[in-house]
Each structure stands twice: as C-alpha cells, then as structure tokens.
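Open the structure in your viewer and keep the selection box at hand. Each stop of this tour says what to select next and what is there.

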Amino acid sequence: MKKMIPVLVALVLIAVVVVVAFGGKISDKYSYGTEVADLDAYFGGGLAEGGADGELAIVLQDEVLEDRAVVFENHIYFELETVKEYLNDRFFLSEEEQLMLYTRAEDTLEVKFGERSFSDGDGVHETGYVICRQQGEKIYFAEEFLHDFADFSCERFEKHVQLYTEWGVRQTYEVSRDTQVRVKGGIKSPILKELAKGEKVEFLEEMETWSRVKTSDSLIGYVENKYLTNLSSELEKPVTTRQPEEIPSLQMEGKVCLGWHSIGGVGGNDTLDAMLEEGQGLNVIAPTWFSLTDNEGNFRSFASEQYVKRAHDRGLKVWGVWDNFNYRNETGSEVSTYQVLSSTEKRKALETAIINTSLELGLDGVNLDFEELTADAGKYYVQFIRELSVLTRANNLILSVDNYMPNSGNTFYRLDVQGEFADYVILMGYDEHWHGCKDPGSVASIGFVTDGIEKALEKVPAQKLVNALPFYTILWKTEGTEVTDSYVTLNNMDDFLARMGKEPAWDEETCQYYAEWESGDALYQIWIEDEASLKTKLNVMGAHKLGGVAVWRLGYGTKGAWNLVKMFGDL
C-alpha cells in the first residue's frame with residue numbers, strides 16, 4: 001500500500017494539471033477579450049493627433065468613407081472630389097490658373113488658391129482662413145466656407161469627423177449595464193470603446209445576438225443585444241446653412257418653334273423673305289452668323305441689324321447662332337475650343353463679346369452650337385454655359401444650347417447643368433447615321449428619337465427641352481466595300497422618287513418609308529423623312545410635353561411639313 005501512495009499522488013497531480021489546463025481553455029474560450037482597438041488602424045492609419053495638422057477619417061451618415069479630410073491651421077478641409085461627390089458639384093477648378101469659381105444666378109464667385117478672401121458681384125470678402133488650397137496633387141476646400149453652398153453638419157473628433165447630409169428618424173438604445181462596443185460582433189473582437197450603464201447608442205442594424213451601433217462620438221461597432229434596452233425614436237432636425245438659391249429661366253410664351261437659317265456669307269441675309277415664305281409656323285429664327293476664328297476667342301460675323309429688324313417686323317424672335325466649326329470648315333484653319341474655354345480670361349472675353357454683339361444687333365437670344373468637343377474641354381464648356389447664362393439673364397437674352405442626342409460618349413456636355421442654367425436645351429434629333437459615316441441607316445428613326453428624348457428628360461425639365469427635326473434624309477450607295485452618300489431634302493423627295501421610279505414601303509421599326517434598289521453593281525438605300533415620319537416624331541414630342549420644336553433647316557421643307565410644326569406649336 002505504501003508503494004502505491006507515490007503512484008496515486010502522481011496520478012492525482014496529473015489529473016489536477018489536466019483539469020486546470022482544460023478548464024483554462026474553457027475559461028479562455030468563453031471569457032471576454034480585453035484587447036483595445038487601435039483607432040488609427042481602425043480608420044486606416046495616418047490620422048491626425050488632437051489638433052495637429054494631418055488627416056482625419058470621414059464618417060458620412062453611418063459609413064466610413066475611403067476619402068479623408070485634412071487639418072490645416074486647425075481648420076478642417078475636404079478634398080475637391082469629396083465635395084463634388086457628397087456636398088456640391090458646381091465648384092469649378094482651373095488648376096492651371098490656381099483658381100476656383102462658383103457660378104450663381106447673378107454672379108460668379110472667385111477665389112485664388114491659398115487666399116483668405118473671395119470676390120463676387122458684391123466685391124471682396126475676407127474670411128480669415130485659407131479657403132482653397134493645394135496639397136501635393138490634391139485640392140482642398142475649407143469646411144467652414146462650404147456651409148454657404150451645401151446643407152450639412154460636421155462634428156470633429158480626435159481621429160475623424162462625422163458628416164450628415166440627410167436627416168430622418170434616429171433610433172437609440174440605452175445600455176443596461178457597463179459593457180463595450182467592439183469592432184466586430186464577437187466577445188474576442190477588439191474593444192472600440194467602454195460604455196457605461198445608461199449611456200445611449202444609435203441603433204443601426206440587428207443580428208442574432210449582437211447589434212451594430214454608433215456611439216455618441218461616432219464610432220461604429222457592435223454591442224451584445226442583451227445589454228441594450230429602451231429603444232426609442234427621435235426626429236432629427238435638418239441643418240440648413242446653404243443660402244437659398246434658384247436659377248430663374250427666361251421662357252417664351254407658348255412653345256418654341258425654331259428654324260435655323262443657314263447663312264454662308266453676308267449675302268445670305270437677303271434670303272430671309274424667301275425662307276419665311278416656306279417656314280410658316282415659326283416664332284424663332286436662328287441665323288448661323290458667328291463662328292470662332294482663332295484660339296483667342298475671336299469670331300467672324302455675317303450679322304445684319306437690318307435682318308433683325310425685318311424678322312421682328314414679321315413677328316419673329318432672333319437667336320444668333322455661335323458655333324466653333326463653320327469658320328474652320330470654310331477656311332481649313334484649326335480652332336481649338338479647348339484653348340479658348342480653358343482660359344478664364346479668354347472665356348470671359350468671349351462671353352462679353354457675345355453679349356455686346358447681341359445687344360448691338362437687337363437680338364432676342366443666343367444659340368450655342370459647339371460641336372465635336374473633346375472630353376477634356378467638357379468642364380470648361382459647362383462653366384462657359386454657367387457664366388454666359390448670368391450675362392444673358394441680366395440682359396434679358398434667352399440662352400439656348402444645341403446638343404447631340406445623349407449617349408455614353410458625350411456625357412461631359414452635362415445636360416443636367418444645361419437644364420439648370422440654360423433657358424432651352426435643344427436636341428439635334430438626327431445624325432443617327434450621318435454623312436460620311438460609311439454605315440447606311442436612318443438619319444432619325446423613331447426609336448433613336450424616343451430614346452434620346454427620354455434620356456434627356458432625366459436631366460432637363462420638359463418645358464426647357466426642344467427636339468430638332470431633320471428636313472432632309474440621306475441616300476446611301478454601297479458598291480462592293482465602298483459606301484458613299486448624298487443628301488435629299490424634304491422638298492425634293494417626291495421629285496427624286498419619281499425620277500428613280502421607286503415606290504417606298506412603310507417600315508414599322510423606323511416609322512419611315514424605306515426604299516432600296518440596285519443599279520449596276522451598286523445598292524441604293526434610303527430611309528425617307530416626310531410628313532408621315534415627322535408626324536410620328538411630333539406625336540412623341542407632344543406626349544412628353546416638350547417645350548418646343550426646331551428644324552434643320554429653312555429652305556428644305558414643304559408646306560405640309562411646316563403645317564405639322566405649326567400644329568405642334570399650337571398645342
């Protein structure tokens with residue numbers, strides 16, 4: 001028996017060790033983790049300490065953004081892209097000129113990078129802090145300055161700022177006992193913050209045993225459901241710091257019925273009476289008088305004050321057309337729209353010249369027809385429209401802007417901005433297939449027109465939207481792999497078909513008459529614009545309650561086609 005005692009003792013000791021070890025593992029498994037989360041790492045690193053300059057994380061509503069704010073001279077700054085994405089996308093930056101612009105209904109605010117003042121229509125205003133600054137390749141705006149341009153609240157904490165741009169009903173829980181907010185839903189997850197009994201947290205999302213919450217200092221994490229009690233709701237009070245603003249619009253009485261008058265020289269003004277004999281139902285005539293001639297913003301003019309007086313005597317408004325391509329086509333001289341519009345000095349000079357010329361001639365409006373823009377010129381063109389609208393509005397001139405049908409390749413023309421600042425946005429409702437494209441097809445099928453109108457209406461109020469009709473079509477000739485084309489105008493169509501000896505058939509898909517024939521080795525195809533196809537388009541325009549119709553161009557139409565335009569205008 002004595003010999004067994006040491007053995008028994010050893011076995012007991014082994015058992016104790018096993019029990020202790022096993023119990024320790026069980027205890028460790030079910031005990032709460034005590035690791036405290038590194039807030040710098042939690043927000044992604046590199047953040048400011050206290051009031052020091054550096055980065056701050058951004059919590060927008062209940063989401064931590066990838067974007068960062070920075071601290072400079074104890075002021076919070078947001079990066080330009082953050083401002084445009086979440087606060088206000090109207091700010092215009094010219095990095096080359098170190099200049100920020102913001103156009104309102106009656107003026108354009110200007111501030112140079114690094115300055116502590118800005119200028120607008122009322123003069124120069126001091127702020128006491130840098131408004132706009134460049135740091136490396138990034139451009140930042142002072143949060144304090146932005147409150148006049150966006151409704152938002154901003155609260156700063158040690159590592160982050162909390163932004164709210166929307167307000168509604170906020171639900172909160174009371175904590176029933178001392179506990180912790182953890183990074184994730186699990187007792188081993190690092191602790192974001194200690195919570196005291198009675199403290200309130202905002203309820204964001206409930207899971208089986210944990211809920212996602214936000215603390216009073218905007219840390220978003222998880223608390224066990226068993227420690228949350230007394231759910232309550234409160235209506236948040238919106239922050240309204242933005243200065244009330246509305247861009248007024250000059251609108252004609254009734255619908256716009258516009259005809260473009262293509263004028264290739266001063267002598268073309270003498271054709272006004274002949275064009276108006278054809279163009280019954282018009283209330284606006286738009287002569288193509290002005291075209292950019294160089295990279296400084298100068299333009300040539302075929303304008304005639306007498307023409308304007310004669311048109312007014314006939315009861316017509318006159319909107320002068322400014323384009324960026326006719327002089328180039330006439331002379332072969334290259335003109336860079338980008339170089340003109342990307343310079344604030346040149347852009348403003350052009351705007352002033354347009355206004356002065358319009359007033360001297362007694363014009364009623366300005367029609368912009370800037371085509372073939374490159375994407376890099378887009379933002380300058382949009383700012384040009386904003387700035388020009390301030391001047392046209394102040395001088396009682398209607399501003400209309402011509403556009404391609406919207407597609408993914410021309411979004412930089414920004415129909416949404418045009419719809420806000422211009423008085424009328426005109427769709428060139430043709431060129432589905434165009435002269436020289438080597439792809440036979442309709443100039444303006446009903447599907448193409450309908451789709452363009454509906455896309456534009458997502459950006460432009462219906463009363464501002466005008467759709468332009470083609471009073472022409474294209475005859476396509478395919479010979480082997482070679483495709484050529486020629487124009488046939490509405491007023492020549494019947495004679496053309498008679499000479500060809502062809503009887504076209506109605507095509508339901510395009511809502512146009514279609515004809516094709518062979519001659520020798522060539523295939524000829526034509527999708528015909530006539531009164532039937534135009535009536536279908538005008539029905540779509542009427543159903544969408546558009547603000548008007550335009551026609552390219554005077555000299556191409558028939559009495560029946562113009563009567564349809566008049567009927568649309570009378571709706």
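The tour visits sheets, pockets, backbone details and cysteines in turn.

**Before you start**

This is a predicted model, in which local features need pLDDT of at least 70, side-chain atom pairs count only at pLDDT 80 or more, and totals for chains, interfaces and linings use all residues. Residues are numbered from 1 along each chain as its sequence is written, and side-chain values use heavy atoms, with hydrogens and water left out.

Helices and strands carry numbers counted from the N terminus; they are DSSP runs, of H or I over at least four residues for a helix and of E over at least two for a strand. Two strands count as paired if DSSP finds at least two bridges between them.

**Stop 1: a sheet of seven strands**

Select β9 (132-135) and β11 (153-156). They stand at the edges of an open sheet of 7 strands, in the order β9-β10-β3-β2-β1-β12-β11. The pairing in this sheet is mixed. Each of the two edge strands has a single partner strand, so one side of each is left without a neighbour in the sheet. From one strand to the next, the twist averages 35°. That angle is taken between axes, which are lines fitted to C-alpha atoms (for helices, over the stretch in contact), and it runs from 0 to 180 degrees between N-to-C directions.

Now select β1 (residues 54-60) and β12 (residues 160-164). These strands run parallel and are joined by 4 bridges. To look at one position, pick V59, which stands opposite Q162 in β12.

**Stop 2: a hairpin**

Select residues 99-103, strand β5, and residues 108-112, strand β6. The two pair in the antiparallel sense over 5 bridges. M100 has V111 in β6 as its bridge partner. How many residues does the hairpin use to join β5 to β6? The connection runs through 4 residues.

**Stop 3: a sheet of five strands**

Go to β30 (482-489) and β31 (505-507). The open sheet here has 5 strands, ordered β30-β29-β33-β32-β31, with antiparallel pairing. Which strands stand at its edges? They are β30 and β31; each has a single partner strand, so one side of each lacks a neighbour in the sheet. The twist averages 30° from one strand to the next.

Add β32 (residues 512-519), which runs antiparallel to β31 and is joined to it by 3 bridges. A505 has Y514 in β32 as its bridge partner.

**Stop 4: the two largest pockets**

Rolling a probe the size of a water molecule over the atoms shows where empty space is left. A pocket is found on a 1 Å grid over the protein atoms alone: it is an open set of points where a 1.4 Å probe fits, with protein on both sides within 12 Å along at least five of seven lines, and lining residues have an atom within 4 Å of a point. Grid points are joined across faces, edges and corners, and a volume is the space filled by probe spheres set on the points.

Select F325, E371, D431, Y487 and W552. Of the 28 residues that line the largest pocket, these are the closest to its centre. The volume of the largest pocket is about 790 Å³. Two or more lining residues come from each of β24 (317-323), α7 (326-331) and β25 (365-369), and α7 gives the largest share, 4 residues. The lining has 12 nonpolar, 7 polar and 9 charged residues. Here Ala, Val, Leu, Ile, Met, Phe, Trp, Tyr, Cys and Pro count as nonpolar, Asp, Glu, Lys and Arg as charged, and the others, Gly among them, as polar.

Then select R104, D107, Q243, P244 and E245. They lie nearest the centre of the second largest pocket, which is lined by 18 residues and has a volume of about 310 Å³. Its lining has 7 nonpolar, 2 polar and 9 charged residues.

**Stop 5: backbone details**

Select W552 and R553, which are joined by a cis peptide bond with omega of about 0°. R553 is in the loop between β34 (548-552) and α15 (559-569).

Next, pick K545, in the loop between α14 (531-543) and β34. K545 is not a glycine, yet its phi is positive, about 55°. Is K545 buried or exposed? It counts as exposed, at 61% relative accessibility. Buried means under 20% relative accessible area, exposed over 50%, and partly exposed in between (1.4 Å probe, protein chains only).

K438 also has a positive phi, about 65°, without being a glycine. K438 lies in the loop between β27 (424-428) and α12 (446-457) and is partly exposed, at 48%.

**Stop 6: cysteines**

A search of the whole structure finds 0 disulfides (pairs of cysteine sulfur atoms within 2.5 Å). Select C154 and C132: the sulfur of C132 is the nearest cysteine sulfur to C154, 17 Å away. C154 is partly exposed, with a relative accessible area of 23%. End at C437, which is buried at 18%.
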